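Please look over the sequence and the model below before reading on. The paragraphs after it start with the chain as a whole and then turn to pairs of side chains.

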Amino acid sequence: MMSSFVPGLELSRAFYAQVVRPIVAGEPHSAALIGAGSEVLAFDTERSTDHDWGPRVVVFVAAHRAERVRRAVAEDLPEDFGGYRTAVTAERHGVQVSDPAAWFTARLGFDPLRGVSVLDWLSTPWQRLAEVTSGEVFHDGLEVLEPARAALRWYPPDLERYVLAGQWRRLAQQEAFPGRCGEVGDDLGSALVTAGLARELMRLVVLMRRRYPPYAKWLGSAFARLPGTAELGDALSAAVAATGWREREEHLGVVYRRVAALHNRMGAAPALEGSLRPYHRRPFQVLDAGRFADALCGAITDARVRALPAVGSIDQFGDGAELLTDPRRCRAVTRAVLEL
């Protein structure tokens, strides 16, 4: 039997056109499918529909009109659309009404329409940046959504260098460890480190393609959708599946050389020689990823960015949903770590 699944973005686009727009027709507004949800990043499948899923639209209005629009939506919204309940959960339905500044501040910790500071950029998780710049704007009568999304589309050049350097450092810290663990008979430890390096390499490649890496559930899907990553994916899969440290090292080496070439093509920093080399006098082949971090930092021209501690953005020094889903905590931790 053919599946009747309709992707959430398509469903929500029709929901806005057929239901929501007529309800708010007399009100200056903007509307979009952005924010949380696999459908915003187009990763939803029929499996997604088993909870917290359905037609959904965020409607933006002036702050002093928000309550009036909420009442109108509550009164006129049908119970079902396209075979799905319009109440996503018992507590909330599929139409969220907010003023733009309040919505962006709640989601990101700041309002991008008022500018984006160094703290704003580095304290906002990649997942949140992806959620705001993906999805679709259905209507922008307030002329706020397109400017806000454009402001967050990608890092300014020097902050891009800083974040990429932070990701290269993540590799530099552990690139010799698969061999070192394996050499002392800790094959499980070698496998775990290799899996961690695969994750960091995938995130690096996504960043180098100027995309925000999504959180763990969708990282592999996002990586696979990038053009030209099939061979990289095969090599990473082989490294993770390998049964010995030398085989892991061989497959990781394929990826290291390809990622070094990608760095050189980007032109964000001076090109570097991309062959593998021994780790000091030990029998482990590494790229010496710290070289790439140093080259990127050396190309930074903004004195304030150049002076930042070499730790990267919140995703690179923080972890855990309790942190990364709370903008206030993200900002507090980033301010403290980066001494901003």
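Of the 340 residues in this chain, 52% count as buried. The model is a predicted one, and every value given here was computed from it. The secondary structure consists of 17 helices and eight strands. Measured out along the principal axes, the C-alpha trace spans about 75 × 55 × 35 Å. The accessible surface comes to about 16,000 Å², and carbon and sulfur atoms account for 52% of that surface.

How does the chain meet itself? Take the contacts between residues at least 6 apart in sequence: 71% of them join residues that are at least 24 apart.

Charge comes next. The chain carries 41 positive and 42 negative side chains, and the centres of these two sets lie 4 Å apart. Some charged side chains form salt bridges, and the count of these is 22.

One of the salt bridges joins Arg70 and Glu67, with 3.2 Å from N to O. The two residues are three apart in helix 2 (residues 66-76), so about one helical turn separates Arg70 from Glu67. Are these residues buried, exposed or in between? Arg70 has a relative accessible area of 35%, so this residue is classed as partly exposed. Glu67 is also partly exposed, because its relative accessibility is 44%.

A second salt bridge is formed by the side chains of Arg85 and Glu79, at 3.3 Å from N to O. Here the two partners fall into separate classes. Arg85 is partly exposed, with a relative accessible area of 45%. Glu79, at 55%, is exposed, because the class of exposed residues begins over 50%.

The salt bridge between Arg161 and Asp158 has an N to O distance of 2.8 Å. Its partners lie three residues apart in helix 7 (residues 157-172), which means that about one helical turn lies between Arg161 and Asp158. Both Arg161 and Asp158 are buried. Salt bridges can also share partners, and in this way Arg170, Arg199, Glu200 and Arg203 are joined into one network.

Aromatic rings form another set of pairs, and the structure holds 14 of them. Tyr16 and Phe138 make a stacked pair, with 5.8 Å from centre to centre and 20° between the planes. Which parts of the chain does this pair tie together? Tyr16 belongs to helix 1 (residues 8-23) and Phe138 to strand 6 (residues 136-140), so the pair ties together parts that are 122 residues apart in sequence. Tyr16 is buried, with a relative accessible area of 3%. Phe138 has 15% relative accessibility and therefore counts as buried too.

Trwo further rings, those of Trp53 and Tyr84, have centres 4.9 Å apart and planes at 70°, so this pair is edge-to-face. The pair links distant parts of the chain: Trp53 sits in the loop between strand 1 (30-33) and strand 2 (57-60), while Tyr84 is in strand 4 (residues 84-85), and the two residues are 31 apart. Trp53 is buried, because its relative accessible area is 6%.

Rings can also link up beyond a single pair. Trp121, Trp154, Tyr155 and Tyr212 are linked by ring pairs into a cluster.

Note on methods: Residues numbered from 1 in each chain as written. Predicted model: local features only at pLDDT ≥ 70, side-chain atom pairs only at ≥ 80, totals over all residues. Heavy atoms only, no water. Salt bridge = Lys/Arg side-chain N within 4 Å of Asp/Glu carboxyl O. Helix = DSSP H or I, 4+ residues; strand = E, 2+ residues; numbered from the N terminus. Buried < 20%, exposed > 50% of the residue type's maximum accessible area, 1.4 Å probe, protein only. Phe/Tyr/Trp six-rings, centres within 6.5 Å; stacked < 30°, edge-to-face > 60°. Contact = heavy atoms within 4.5 Å. Areas by Shrake-Rupley, 256 points an atom, 1.4 Å probe, with all protein chains shown as cover. Lys, Arg positive; Asp, Glu negative; His and termini not counted. Charge placed at Lys NZ, Arg CZ, Asp CG, Glu CD.
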